[in-house]
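Reader: I should be grateful for a close look at one part of this model, namely the surroundings of a single core residue, followed outward to the elements around it. Please set the account out as one connected description.

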Amino acid sequence: MSHALALAARGLGRTWPNPAVGCVLVRNDRIIGRGWTQPGGRPHAERHALDQAGDAQGATAYVTLEPCAHHGKTPPCAEALIASGISRVVTALTDPDPRVAGKGHAILRAAGLEVTENILEKSARQLNAGFLKRVTQGLPLVTLKLATTLDGRIATATGESRWITGPEARRHVHMLRLTHDAVMVGTGTALADDPDLTARNLGADHQPVRILLDRNLRHDPDSRLGRTARETQVWILHGPDAPQDRQADWTAIGARLLPCPVNDIGLDLTVALKILAAEGLTRILSEGGGTIAAALLKADMVDELIHFTTGKLIGAEGTPALGPMALPALAAAPQFALAETRIVGADILTRWVRP
């Protein structure tokens, strides 16, 4: 099952709206087939592994998520496993999707297969946290990335920020982009940095969706995002009063516009994330500046925080990592638990998760 989970991880950022699933087929203590959900969600991991094995008669299937039980673009994986002659299925996690939700396990048992559940369940739940959150809460998993100096600054007083961290940390961020369905920034970052938001120099054969939160469509269509919108998806969430001519300009160059309600501080981020989840996104990496970071934290929408710290010091006149949060007391401060610490080049990465 550990091996199946490692295979499943290969699909992160590539399978949405489907989960990233791994499957290992074993017979006589020997692996005869391996599979993971393929880009775009098809074929499923079980079908991929069965096709590799050819003959799976009498084998045991280790699958990281309950095999699907419904007819969609392909027949149910539970039926495919039964038809293959497999005698036992071991799963890590029950699929909360109402179309499955125990039905896959029930079909397998009704056909006489031995079924063992909840093996490495915690690891499987962590791996597919984005899919699980989308199905159960209608929201994507949000990873907030921060890169700061020792004194918590992200730019100098003049706005200079390239580069706060070293090349190894920046390469790691590009790898993070590939494991998320989308990368998201706000208007301030877009205007200040004119970012590209793709994963570069990694030989990637796919790219995450690039999301811009831009209430009034202030970002220029003749930007790096705009000029590449036909090659790599650009989705823009904007307010209901965004200028019609600007909407037409962005649409004309291939961007997808998603209207979103606003509140007293800007776009309603909770609603924005629900819109993105409804579009199929399960994992979003936020690389915005202090305003969007503070807004996500204040809205309690951050599931994981990845913080790169460099040895530089800028001082109080520099730009802080977070904008105002108007906390009434220390007890109201967002709280995260340390999950990982590592050295990345000359910088330190810490990963924090919800307690």
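Author: The model is a predicted one, and the description begins at V89. Leaving aside neighbours within four places in sequence, V89 is in contact with A61, V63, P67, L81, L108, L113, E114, V115 and T116. V89 belongs to the largest nonpolar core, which has 37 residues; V89 is listed there with L25, A61 and I86 as the residues having the most contacts inside that core. In soluble globular proteins, nonpolar side chains tend to be buried together. Another core lies apart from this one; 32 residues make it up, including W16, W235, A272 and V302.

Several of the contacts of V89 lead to a sheet. This open sheet is formed by five strands in the order β2-β1-β3-β4-β5, with mixed pairing. Its edge strands, each pairing on one side only, are β2 (30-36) and β5 (114-116). E114, V115 and T116, which V89 contacts, are the residues of the edge strand β5. On average, and with direction ignored, neighbouring strands of the sheet are turned by 15° against each other.

Within the sheet, β1 (residues 22-27) and β3 (residues 60-63) run antiparallel and are joined by four bridges. In this pairing, V26 of β1 stands opposite T60 in β3. Helix α1 (residues 2-9) packs on the sheet and touches β1, β2 and β3; the direction of α1 makes about 145° with that of β1.

Strand β1 also holds C23. The count of disulfides in the model is zero. For C23, the nearest cysteine sulfur is that of C77, 8.6 Å away, whereas a disulfide requires a pair of cysteine sulfur atoms within 2.5 Å. C23 is buried, with a relative accessible area of 0%. C260 is likewise buried, its relative accessible area being 2%.

Elsewhere in the chain, strand β15 (residues 304-309) offers a further case of burial. Six of its six residues are buried, so β15 is largely enclosed by the rest of the structure. In a regular strand the side chains alternate between the two faces of the sheet. Both faces of β15 are covered, with E304, I306 and F308 buried on one side and L305, H307 and T309 buried on the other. Strand β6 (residues 141-148) runs parallel to β15 and is joined to it by six bridges, with L146 opposite H307. Strand β18 (residues 347-353) pairs with β15 in the antiparallel sense, again over six bridges, and there E304 stands opposite V353.

Conventions:
Residues are numbered from 1 along each chain as its sequence is written. This is a predicted model: local features need pLDDT of at least 70, side-chain atom pairs count only at pLDDT 80 or more; totals for chains, interfaces and linings use all residues. Side-chain values use heavy atoms; hydrogens and water are left out. A nonpolar core is a set of buried Ala, Val, Leu, Ile, Met, Phe, Trp, Tyr and Cys residues joined through side-chain atoms within 4.5 Å. Buried means under 20% relative accessible area, exposed over 50%, partly exposed in between (1.4 Å probe, protein chains only). Contact means heavy atoms within 4.5 Å. Two strands pair if DSSP finds at least two bridges between them. Helices (H or I, at least four residues) and strands (E, at least two) are DSSP runs, numbered from the N terminus. Axes are lines fitted to C-alpha atoms, for helices over the stretch in contact, and angles run from 0 to 180 degrees between N-to-C directions.
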